[in-house]
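Student: I have a structure open at my bench and would like to understand the labels people attach to it. Could you take me through some of them?

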Amino acid sequence: RQFPAMPPLPFTARCLFICAVVLPFASPRLQAQTEAAPAVVRIQIEPQIVVSPLAADFLGFGYETSAVAREGFFSPTNVHLVNLYRTLSPHGLVRIGGNVSDHAQFVPDGTPAARSEKDVTIINQAVLDDLGKFLRATGWKAMWGLNLATGSKTAAVREAQAVRAALGDRLQSFEIGNEVDLHPGAKHYTNYFAAYQEYQTAIRRALPDAVFSGPDVANNTQWAIDFVATEAKDMKLLTHHYYRTGAMRPDATIATLLAPDSAWEKTLQKLQDASVRYGVPFRINEVNSFYGGGKAGVSDTFASALWCLDYLFLLAAHGGNGVNLETDVNQLGWISHYSPIFRDATGQLIARPEYYGMLAFALAGNGDLIQLTASQTDINLRAYATKNADELWVVLVNKDLARAANVEISLPENHSTAAIYRLTAPAVTSRDQVTLGGAAVSPEGTWSPAETEKAVVKNGVAFLAVPSASAALVRLR
C-alpha cells in the first residue's frame, strides 16, 4: 500500500470549524527538551452553525476475511468482544475484506481456514452464521468484500447469497474487490469498472435488492471520483483507504504520526467535494497508522490514541460518514501492532491505546459537529466542538510533544459549567496504563468514568490546561 507523495496544502482560514494550529515535525532534540512555556489558546463556539451531522455508525472496525474463518471469534459467546463493541457504540459498522478477501473462498460445508494473502482462506456457512449472531448481539452491521482478483462471478454470487442468508438485516452493503487501483490486472480504471459491472450484474440476478459500496481504492482518488460519478444512484457509500506511511519506512515514527498530514487533508477535501456533488456519503473504510501491520513502539503506544482521536474528528469535519480502523489479524497472518483490540497468543483480548482514542470519540462525538474558532499559535493542537440535545462538548487534542496549552473557552449563552474528561498515559510512548476520565477499560470490556475535573469558570470563560501529548474532553452545561 504505497501512497504517492503530494505537495503540502497551505493552512487556510476556510476551515474555521477546526483549530489546526500545528508545530512542524519535532526533531529528537526538541522532544528531549523540557516543556516550553504553555501556549494560550482562546476558543469561541458557535452552536447555531452546524458543520456536519455525525453518523450514528461513524465508528467501525476493519478485518481481513481471515478473521471470520477463526471459529468462535465472531460469536455471541465471545462476550468480551461483544462488550468492547457495545462500549463504543450500539450502531457501529464492521468491514470484512482486506487483501485476504481477494484470496478467499466460500465452501459451504468446508473446514474454515484462516490464512495469509499468500494462501487461500476458507470460510463456511457456520462461521458466517456465527458472524450474523455476533452482529445481532452487538447491534452493529457489516460491509462485506467479495473476491475480484482470484475468484469468479459464479463464486461471488454463491458467497453473496450465503452472506445475505447469514447476516440478514445486519448486512450493510457488498464491495467488489479490495484496493482495486492496485490490482495488477486493472491498470486502467475502465478495466476495473467493466469487471465490477459484470460481478454486480451477476449478483443482482440472484439478489435483486443487493446494495453496493465502492470502489475501495488504496490511493487513487480519481478512481473514486470517476466511480461515484457513474454509480451515484446505485451505491451506499463511496469508500477510500488511508495509512500515514509504511511500517518499514524510516519516517514511521511518533513524530510523523502526530504531525499534520496536509496531503491527506487535500484528499479529504476532494472526497468531500465529490460526496456533496453526487449526494453519496464517503467513508474511510480501511485506515490505521502505518500499512504493513503497523510499527511496534509507535502504532501500539499512546501516540496512536491521540492520532486516532484527532483523525476521527478531522474526518467528521470534512463531512465523512465514518471510519473502519483495521484491527486483529492482517494480510500477513499476524496480529497487527496497530490493532485497537489486540488478541494475544492465548486469545485474550486487550484494549490497546488506540481503542481509547475511539472511546473518547464515542463519548463526545455525538449529534452534530459545530463551528469553532481558535486563536492562532504555533502549537500542534486541534480543537473541535459538538452538540447534542443535552450538552456541548469541546475536544482538545494536544499532539505537541514539547508544549502544553492553557485553554480559555468562552461559554455560550445558558452554559455555566465545564467538566473535564482527560485522555492520558504516563508517556506518549506508553503501551498501557491509558485512562479516559480516570478509568481504564475493564477486563470484561466495559468502561465508565471514574472521575471528572471541574474547570475554573470566571466571567463566562472556562480555564483549563492541556499538557503536551494529551487530550481533554470538556462537557459544557
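Tutor: Happily; here are a few labels with the values behind them. This is a predicted model, where local features need pLDDT of at least 70, side-chain atom pairs count only at pLDDT 80 or more, and totals for chains, interfaces and linings use all residues. Residues are numbered from 1 along each chain as its sequence is written, and side-chain values use heavy atoms, leaving out hydrogens and water.

Student: Why is R95 called buried?

Tutor: Buried means under 20% relative accessible area, exposed over 50% and partly exposed in between, with a 1.4 Å probe and protein chains only. R95 has 2% relative accessibility, so R95 counts as buried.

Student: And why is T245 called buried?

Tutor: The relative accessible area of T245 is 7%, so T245 is buried as well.

Student: What makes F174 and F212 a tilted aromatic pair?

Tutor: Rings of Phe, Tyr and Trp (its six-membered ring) pair if their centres lie within 6.5 Å; planes under 30 degrees apart are stacked, over 60 edge-to-face, and the rest tilted. By this rule there are 28 aromatic pairs. F174 and F212 are 6.1 Å centre to centre with 45 degrees between the planes, which makes the pair tilted.

Student: What makes Y189 and W223 edge-to-face?

Tutor: Their planes are 75 degrees apart, and the centres are separated by 5.6 Å. Both Y189 and W223 are buried.

Student: How do you know that the charged end of R352 sits over the ring of F342?

Tutor: The label asks for NZ of Lys or CZ of Arg within 6 Å of the ring centre and within 35 degrees of the ring normal. The charged end of R352 is 3.8 Å from the centre of the F342 ring.
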